[in-house]
Amino acid sequence: MAEATLLGFLFRRKLLGRYPWFAAFLAVEWLQMIALIELQDGSPLYGECWALSEILLLLAVAGAAIEITQKILGHYPEIQDFASSSFEIMFLFGCVAAAVLGMPFLRSSIWQPTKAY
């Protein structure tokens with residue numbers, strides 16, 4: 001519930017427009033928690049909901065990280081271009097590495113839904 005509290009704080013202080021990606025991250029995290037609590041752990045829908053929400057979380061975290069980096073670097077214009085391009089390259093490399101290294105794990109049989117008896 002910390003996510004909902006922080007979202008309420010950002011809304012009340014009118015900071016949602018200033019930090020939209022961070023607010024999106026909090027909202028996705030909160031909605032994921034609510035959805036996964038309502039679903040049973042063994043159901044196929046649980047796995048699909050979790051996988052979709054993790055992709056959305058990855059995008060929201062990446063957006064929030066870029067957003068915070070740009071806000072911080074706004075105080076240091078001399079290094080802003082170099083740091084922004086370095087961050088984007090490192091993020092792209094991380095996404096490719098995660099996809100390559102994670103693909104065999106995601107295709108394994110542990111992700112297949114089991115039959116409920």
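In what order do the elements of the protein chain run from the N terminus on? I read them off as α-α-α-α, and my tally of the secondary structure comes to four helices and zero strands. I note at the outset that this is a predicted model, and I keep that in mind for each entry below.

**Whole chain.** I looked up burial next and found that buried residues make up 15% of the 117 residues in the protein chain. For the contacts with a separation of 6 or more, I noted that residues 24 or more positions apart account for 49% of them.

**Helix H1 against helix H2.** I took H1 as residues 2-12 and H2 as residues 20-38, and I looked up how the two pack. Their axes lie 9 Å apart, and the packing angle is about 145°; the crossing in which H1 passes H2 is left-handed. On the H1 side I listed Glu3, Ala4, Leu6, Leu7 and Leu10 as making the contact, and on the H2 side Phe22, Ala23, Leu26, Ala27, Glu29, Trp30 and Met33. Sorted by character, the residues of this contact divide into ten nonpolar, no polar and two charged.

**The loop between H1 and H2.** I stopped at Lys14, which has its place in the loop between H1 and H2. Its phi is near 60°, a positive value in a residue other than glycine. Is Lys14 buried or exposed? I entered Lys14 as exposed, because its relative accessibility is 74% and the cut-off for that class is over 50%.

**Helix H2 itself.** I checked the length of H2, which has 19 residues: from its first C-alpha to its last it reaches 27 Å, close to the 27 Å expected at 1.5 Å a residue. The residues I found buried in H2 are Ala23, Leu26, Val28, Gln32 and Leu36, and the buried residues of this helix pack against both H1 and H3.

**Helix H2 against helix H3.** Which way does H2 run relative to H3? I looked up the axes of the two helices, which come within 8 Å and cross at roughly 165°. That angle makes H2 roughly antiparallel to H3, since the cut-off for this description is over 145 degrees. H2 passes H3 in a left-handed crossing, and I counted the residues of their contact as 17 nonpolar, three polar and three charged.

**Helix H3 itself.** I repeated the length check on H3, which covers residues 44-73: with 30 residues at 1.5 Å a residue the helix should span 44 Å, and because its end C-alpha atoms are 44 Å apart, the two values agree. My list of buried residues in H3 holds Ser53, Leu57, Ala60, Ala62, Gly63, Ala64, Glu67 and Leu73.

**Ser53.** I followed up one of the buried residues of H3, namely Ser53. Why does Ser53 count as buried? I found its relative accessibility to be 7%, and the class takes in values under 20%, so Ser53 belongs there. Leaving aside residues up to four places away in sequence, I noted that Ser53 touches Val28 and Gln32, and both of these appear among the buried residues of H2. I also looked up the spacing between Ser53 and Ala35, which stand 18 residues apart along the chain, and recorded a separation of 9.6 Å between their C-alpha atoms.

Terms used:
Residues are numbered from 1 along each chain as its sequence is written. This is a predicted model: local features need pLDDT of at least 70, side-chain atom pairs count only at pLDDT 80 or more; totals for chains, interfaces and linings use all residues. Side-chain values use heavy atoms; hydrogens and water are left out. The expected span of a helix is 1.5 Å times one less than its number of residues. Buried means under 20% relative accessible area, exposed over 50%, partly exposed in between (1.4 Å probe, protein chains only). Axes are lines fitted to C-alpha atoms, for helices over the stretch in contact, and angles run from 0 to 180 degrees between N-to-C directions. Angles under 35 degrees count as roughly parallel, over 145 as roughly antiparallel, 65 to 115 as roughly perpendicular and the rest as oblique. A crossing is left-handed if the near helix is turned anticlockwise from the far one by less than a right angle, and right-handed if clockwise. Ala, Val, Leu, Ile, Met, Phe, Trp, Tyr, Cys and Pro count as nonpolar, Asp, Glu, Lys and Arg as charged, and the others, Gly among them, as polar. Contact means heavy atoms within 4.5 Å.
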